[in-house]
Number of protein chains: 2
Amino acid sequence: MMTGMTETPHPLYAKHADTLGRALTAIAERGYWSAYPESPSPRVYGENAAAEGEVAFRAYLGRDFPLDQPGARDRVATESSPFGVDLDVRYPHGDPDALIAAATAALPAWRDAGPATRLGVCLEILARLHANIFELANAVQFTSGQAFVMAFQAGGAHALDRALEALAYAYAEMTWHRGTADWEKPAGKGDPLRMTKTFHVVPRGVALVIGCNTFPTWNSYPGLFASLATGNPVIVKPHPRAVLPLAITVRYAREVLAEAGFDPNLVLLAPEAPGEGLASTLATRPEVRIVDFTGSTEYGDWLEANARQASVYTEKAGLNTVVIDSTDDFAGLCRNLGFTLTLYSGQMCTTSQNLLIPRDGIETDQGHKSFVEVAAGIAAAVGKLTADPARGVELTGAIVNDGVLERLEEVTKVGEPVLESRPVEHPSFPGAVVRTPTIVQLDAADTGTYSREWFGPISFAIATDSTAHSLEILRSTVGEKGALTAAVYSTDEAVLDAAESVALEVGVHLSCNLTGGVFVNQSAAFSDFHGSGANPAANAALTDGAYVANRFRIVQSRRHR
Amino acid sequence: MMTGMTETPHPLYAKHADTLGRALTAIAERGYWSAYPESPSPRVYGENAAAEGEVAFRAYLGRDFPLDQPGARDRVATESSPFGVDLDVRYPHGDPDALIAAATAALPAWRDAGPATRLGVCLEILARLHANIFELANAVQFTSGQAFVMAFQAGGAHALDRALEALAYAYAEMTWHRGTADWEKPAGKGDPLRMTKTFHVVPRGVALVIGCNTFPTWNSYPGLFASLATGNPVIVKPHPRAVLPLAITVRYAREVLAEAGFDPNLVLLAPEAPGEGLASTLATRPEVRIVDFTGSTEYGDWLEANARQASVYTEKAGLNTVVIDSTDDFAGLCRNLGFTLTLYSGQMCTTSQNLLIPRDGIETDQGHKSFVEVAAGIAAAVGKLTADPARGVELTGAIVNDGVLERLEEVTKVGEPVLESRPVEHPSFPGAVVRTPTIVQLDAADTGTYSREWFGPISFAIATDSTAHSLEILRSTVGEKGALTAAVYSTDEAVLDAAESVALEVGVHLSCNLTGGVFVNQSAAFSDFHGSGANPAANAALTDGAYVANRFRIVQSRRHR
């Protein structure tokens, strides 16, 4: 790793250099590491942190959000909490021309500051967000429908870890080579040719981040910080139903940028009015050279086809699949998959949808289990986790939007339920929309049903002819539609190897025999890659070298010494 | 740099590990380094190397090229030497389906061999090509029209250096993190969660390299070797007029692959019949996931717009520009630019076209020089280099194709010549088409003329209002049309800084005050980047992290320990 930057970095670089160095080690070693504690316990964050964070969150409600941005024409308030809490936060609604002009004007000084200074400032933004993590977690909870602990972890600590991971990759890619080099070529009997060369890291232009409803921070932070660290001003276009977490993010980012002597317009919030289509307007502007998007396949494909002037990084829908062949821990299998299906009501892009089980059943440590017994075992585990409403809602959270409810209704018509979804009254938030997961029995022949994504607490127990047949379905469905996760359960090494071979072929990450405290729908920053970029569910991974390397270019100048 | 690959690499890896290590150091330090001596002297390569290479080259002429590939339907012979030498080499003309099927079948074993083995094999291919460098140089000379020494250097040694550079980047990006990792997360009072994770480097699919007429090897090798090293089988579609250099390349690559125990169909030659449009057929096949192209803006843009299933790396046309403000070495300026304009008859993608000179002239060490004197000084330098035909042709080489001759005719109508082009009889090759460079005087107002590329020995001395005006033209023309190179001559640091600022803004590499033995149209592997990817002349650089990082993906599997 060469760090020969020529500029004297901002003192914030030295302040955070240890964290950066540790993150650089982590992305190479890929063992367990985290910079931001995931436990919201008072023993970790102090006695008052949780209460203060909630107060800070509530102070935003029913008010104009405090953000001083150029070109604000009016204010928009588009959020509606899955927990039934009135939000009514009013955000400055900017003119696209003014936002792009402001971002463009901020670019040169940020570019010229160099990689180390930019890293220092970005790391300080993460520190500022971390100092306000409870405020952020509340905002994530009440916009996404995640239960509090999950909002704190996935929306707070893990999102910050993913941001740091992206920063580490960005720094490594930018500093691969020296900022300046002396070049001396022998020239026969004459004096050598001598030149001094300067290698400038130049950003691509304005970057756009298009947020999603379910994971407004976790899915946005890698792109946001990768673009910012590599010198690109970032316009953040949040999902209309999950603005607050990104508004808070932009607020603190602007605060830190200004304190460090930079133009706060390096990070701008672009909330939209209903039906405005602001993402499409911004994404196709010639000044916008990078787009990060998480959401539907339809819109992701549209961006890839239409935002041709930009590098477009998309995470879209997929068919997350589990191949169940055999197990030496049937209870663990059921518990593990039951938890996966229950967590956040299956509203994770990584939640398994298609459970492929041989119609003749499987061998287990509890003897042979029929297809129905396997499906029922998983259903029972979900049932146990959701039996007590008070405990259940701390796992399921609330239903993010009406689309999920519609699919829950639609799915009752496509097959027999192994487990029916039911509404739950939230003990703390009477307006919350809560549904338990459903599992529907299908046959392998029902491809029309299971080869589309049913986002939400919906999964299918699919009867196949054999494990070989299951693997063939894994190959064909994921090859065609993509997936972010795949899992296999087998006591047979040959089956595990065959599954890994299929996973390599269709480019999906594989988890084997998860029966304990690791779940297929969870990925750990600095260790697990999220998405592979090798199948239709995503054209990039969070986070690897390819995710950051093309967010900047090298422009050199050379002169004789 | 982590190299923790799990497989035992092929012995070829150990054989070439030192070279790889040195190349990895070189791309970070970016000082002078070369692995393949650029001097064709017998003292370097041995007394018989040159003669043996020429014999090997001549043995191909008028024959079926020895290449055993699947699906060959017939043979094609499409080359016509700029030196008037009969070539008539007949290449196997393959069915696209058969080529793609063969490449696809070769992929899994190559993927599973892992990065280190692939690197070892690729480095052995370079060694084999280097052992046959005179044969290769002759093939480049007689298809591209380059003079021998240039063909040996740019088409041989430097092409191999660029290939090695791409291999070093590919290896570094692939081995950024360990091949396997142990992950252990503390879990409160219970046992930690422990997992073993495997990170597989998986290729994107079949790669296509579309060669060009002028630099069949130099411009093709980085993409070819970057794709191959990252696990992708490569189909090489040469320019119909410059097949032989790539046929020789493919021949030796297949030889080495087979010797190393791999499917030779990992590298395939796809020559085309006249008018076949094979590049478009192959580039839009769903199996083809990477395309590398050098050539016209029109076709490069077509590929970017139509080969949507692939990552497309293009190098296209541009407006290479020189801003002349002042100099303390007027003679050196004229000599240096004169050489640039003369070398290979200006048929380099990096040759300067637009020379921007204030209409009131410039200050020099020889006193004030008028616009006409500056233009005449450069013209005189070109004249001196080309005065003696025998010496001149060793610089100019021959005219690559009729398009250049047509432009030489057309340019006589757009402005007054400062220097007229004239035909030259080649002393050794009576059939050679040789033309000396022309320089045409224009005004800054003639944007319609100088804002398009006139590929060939054509440049413009353009009268501007001032250096500030010249910089503005640099900004607008390169910003809109792109450029691979820019240069500035000034004794004023403020002008140099302003030029550098414009260069950063429009993303073009800048050379300052070149008056000696370094020329703006030459870039040195391991030190200079070729193209920036930051302006319309190229969407990528040869070679950097972004050029290789997206040629593969990481697919992980994880299981409990």
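This is a short dialogue on reading a domain interface and some salt bridges in a predicted model.

Biologist: Where should I start with chain A, and which domains is it divided into?

Modeller: Chain A splits into domain 1, made of 37-177, 196-316 and 540-560, and domain 2, which covers 321-512. Taken over C-alpha atoms, the centres of these two domains of chain A are 32 Å apart.

Biologist: How do I read the size of the interface between domain 1 and domain 2 of chain A?

Modeller: The size of an interface is often given as the accessible area lost when the parts come together. Here, domain 1 and domain 2 of chain A bury about 1300 Å² between them, with 66% of it on carbon and sulfur atoms. A:Pro82, A:Phe83 and A:Met150 supply 32% of the area that domain 1 buries against domain 2, more than any other three residues. In terms of contacts, 17 residues of domain 1 touch 20 residues of domain 2.

Biologist: How many salt bridges and polar contacts cross between these two domains of chain A?

Modeller: The rule finds 0 salt bridges across this interface, but 6 residue pairs are in polar contact. On the domain 1 side, helix 5 (133-144) and helix 6 (148-174) of chain A each supply at least two residues, and helix 5 gives the most, with 3 residues. That side of domain 1 divides into 8 nonpolar, 7 polar and 2 charged residues.

Biologist: How many salt bridges does the structure hold over all chains?

Modeller: Side chains of opposite charge can pair when their charged atoms come close. Over all chains, the structure holds 68 salt bridges. One of them pairs B:Arg553 with A:Asp544 at 3.0 Å, N to O. B:Arg553 sits in strand 21 of chain B and A:Asp544 in the loop between strand 20 and helix 18 of chain A, so this pair joins two chains.

Biologist: Are B:Arg553 and A:Asp544 buried or exposed?

Modeller: Both B:Arg553 and A:Asp544 are buried. For another case, take B:Arg75 and B:Asp64, whose side chains meet at 3.6 Å, N to O. B:Arg75 lies in strand 1 of chain B and B:Asp64 in the loop between helix 3 and strand 1, so the salt bridge ties together parts 11 residues apart in sequence. B:Arg75 is partly exposed, at 33% relative accessibility, and B:Asp64 is partly exposed too, at 43%.

Biologist: Which helix holds both B:Glu165 and B:Arg162?

Modeller: Both lie in helix 6 of chain B, 3 residues apart, about one turn of the helix. The closest N and O atoms of this salt bridge are 2.8 Å apart, and B:Glu165 and B:Arg162 are both buried. Salt bridges can also share partners, as in the network that joins A:Lys15, A:Glu124, A:Arg128, A:Glu255 and A:Glu259.

Notes
Residues are numbered from 1 along each chain as its sequence is written. Chains are lettered from A and ligands numbered from 1 in the order in which they are written. This is a predicted model: local features need pLDDT of at least 70, side-chain atom pairs count only at pLDDT 80 or more; totals for chains, interfaces and linings use all residues. Side-chain values use heavy atoms; hydrogens and water are left out. Domain bounds come from an automatic or database domain assignment. Contact means heavy atoms within 4.5 Å. Buried area is the accessible area (1.4 Å probe) that two parts lose on being put together, summed over both. A salt bridge is a side-chain nitrogen of Lys or Arg within 4 Å of a carboxyl oxygen of Asp or Glu. A polar contact is a pair of N or O atoms within 3.5 Å; within protein, one must be able to donate a hydrogen and the other to accept it, and residues adjacent in sequence count only if both atoms are side-chain atoms. Helices (H or I, at least four residues) and strands (E, at least two) are DSSP runs, numbered from the N terminus. Ala, Val, Leu, Ile, Met, Phe, Trp, Tyr, Cys and Pro count as nonpolar, Asp, Glu, Lys and Arg as charged, and the others, Gly among them, as polar. Buried means under 20% relative accessible area, exposed over 50%, partly exposed in between (1.4 Å probe, protein chains only).
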